[in-house]
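Subject: Structure handover

Hello,

Here is the structure we discussed. Please open it alongside this note; what I found follows below.

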Amino acid sequence: MTATAPRPPLPSPEMRLVLDRLAVEDAGLGDPTLLPPSEGRALAARTNRRWNVELPPMADVRTVACAGRDLRLLTPPDAGPGLLLYIHGGGWAFCSADTHERAARMLALACGVAVATFDYRLAPEHPFPAGLDDCVAVWRGAAAAVDLHGGGPLAVSGDSAGANLALALMLHEFAAGRPLPHCALLFYGVYAADFDAPSYRQCADGPGLTRAKMMRYWDWYAPAAAQRESPLAAPIHAGDDALRALPPLFLNAAEIDPLRSDSAALHGRLAALGRRDRLTVVPGVVHGFMQMTTSLAAARAAFAEAGAAFREMAGLPATIEPQKGGEPRCAP
């Protein structure tokens, strides 16, 4: 298959420098998806530490109990009212609020509102829909506490598998007849299990995420073929009415990523319904690039673009204005 596949796009010069650095730093570490899950998680945590340095200062960082889980609330300086629930990626099997700490802080600064992160149950020990159930419970707990976000917009966001869970969460709440977020920011998400999509063929061997790794992630999260037809596992299968009902979405995708076609396919479905959701394909970068803000200007620019999109979709001023938020508390 890979012998006849088109060549992947070339990394940008700064992405190439990062990839060369990682090749040295990670030499001999192996593929975490080929390890027992606990060992793979330890390796993923180790390799993500390099991206969680020089953490942007927050006005307040605290942990509150929410739906039986710990919600880490990151409030940036001069935060306005509002709350963004951020769901971390990692193939539904790896990573945590800790591995995505810097990314969550960058998002808080870009959007000008508090960002909440949390840990959900991971596959393969807890396959679909366990992680989604946790996300729904946390969303409902946060949404029920008006004072948690000062009466401002309540939104969701996620990267990779976290974007999948954020979108599935909205589809779940639509089906349940419950309120939806004001908007959503979805970064290089996984929305289908189509391993023959154009970007899966073009970027089958990476660099970074590969086709084989994504197949293993799916085998862990939703091993049954019938599960992968569910819109709550693969949101591309959502019906038109459910997609129409979604709040405004901002999507981005990495050019050098097997998942690029997932974002393109989702955006195509939305556009065919007359929606005007924005999709940005960031050139020359690999999957997970928004973790790399200490090294990639493209990652920092992506957060700035997401923040501007959030303020536009949420009806907030185009520039962040100092405002005083409320005391955080989460509903049980």
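Which strands does helix α5 lie across, and at about what angle does it run to β5? The model is predicted. In it, helix α5, residues 161–175, crosses β3, β5, β6 and β7. Its angle to β5 is about 145°. Strand β7 spans 249–256.

Helix α4 covers residues 130–144. This helix lies across β1, β2, β3 and β5. It runs at about 150° to β5. For orientation, β2 is 69–75 and β3 is 83–87.

Now the sheet itself. It is open, has 8 strands and shows mixed pairing. The strand order is β1-β2-β4-β3-β5-β6-β7-β8. The edges are β1 (60–66) and β8 (278–286). Each has a single partner strand, so one side of each is left without a neighbour in the sheet. On average, neighbouring strands are turned by 20° against each other, direction ignored.

One pairing in detail: β5 (residues 154–159) and β6 (residues 184–187). These two strands pair in the parallel sense, over 4 bridges. Within the pair, V156 of β5 stands opposite A184 in β6.

Next, charged contacts. The count comes to 19 salt bridges. Three are worth a look in the viewer.

- R16 and D20. Their side chains meet at 3.2 Å, N to O. Both lie in helix α1 (residues 13–25), 4 residues apart, about one turn of the helix. R16 is partly exposed, with a relative accessible area of 38%. D20 is also partly exposed, at 40% relative accessibility.
- R105 and E101. The closest N and O atoms of this salt bridge are 2.8 Å apart. Why are the two about one helical turn apart? Because they sit 4 residues apart in helix α3 (residues 101–111). Both residues are buried.
- E173 and R140. Here the closest N and O atoms are 2.9 Å apart. The pair links distant parts of the chain: E173 is in helix α5 and R140 is in helix α4, 33 residues apart. E173 is buried, with a relative accessible area of 1%. R140 is partly exposed, at 27%.

There is also a network. R21, E25, D26 and R50 are joined into one by salt bridges that share partners.

Last, the nonpolar cores. How many residues does the largest one have? It has 64 residues. W218 and Y221 have the most contacts inside it. The largest share of this core comes from α5, with 9 residues. So α5 appears three times in this note: it lies across four listed strands, holds E173 of a salt bridge, and supplies that share of the core.

What does W218 touch, leaving aside its neighbours within four places in sequence? Its contacts are W92, V190, A192, A193, F195, P223, R228, A233 and A234.

A second core is separate from the one above and has 42 residues. Among its members are A104, V113, A155 and F289. Of these, A155 falls in the β5 range, residues 154–159, and A104 falls in the α3 range, residues 101–111.

Best regards

Conventions
Residues numbered from 1 in each chain as written. Predicted model: local features only at pLDDT ≥ 70, side-chain atom pairs only at ≥ 80, totals over all residues. Heavy atoms only, no water. Pairing = 2+ DSSP bridges. Axes fitted to C-alpha atoms, helices over the stretch in contact; angles between N-to-C directions. Contact = heavy atoms within 4.5 Å. Salt bridge = Lys/Arg side-chain N within 4 Å of Asp/Glu carboxyl O. Buried < 20%, exposed > 50% of the residue type's maximum accessible area, 1.4 Å probe, protein only. Core = buried A, V, L, I, M, F, W, Y, C linked by side-chain atoms within 4.5 Å.
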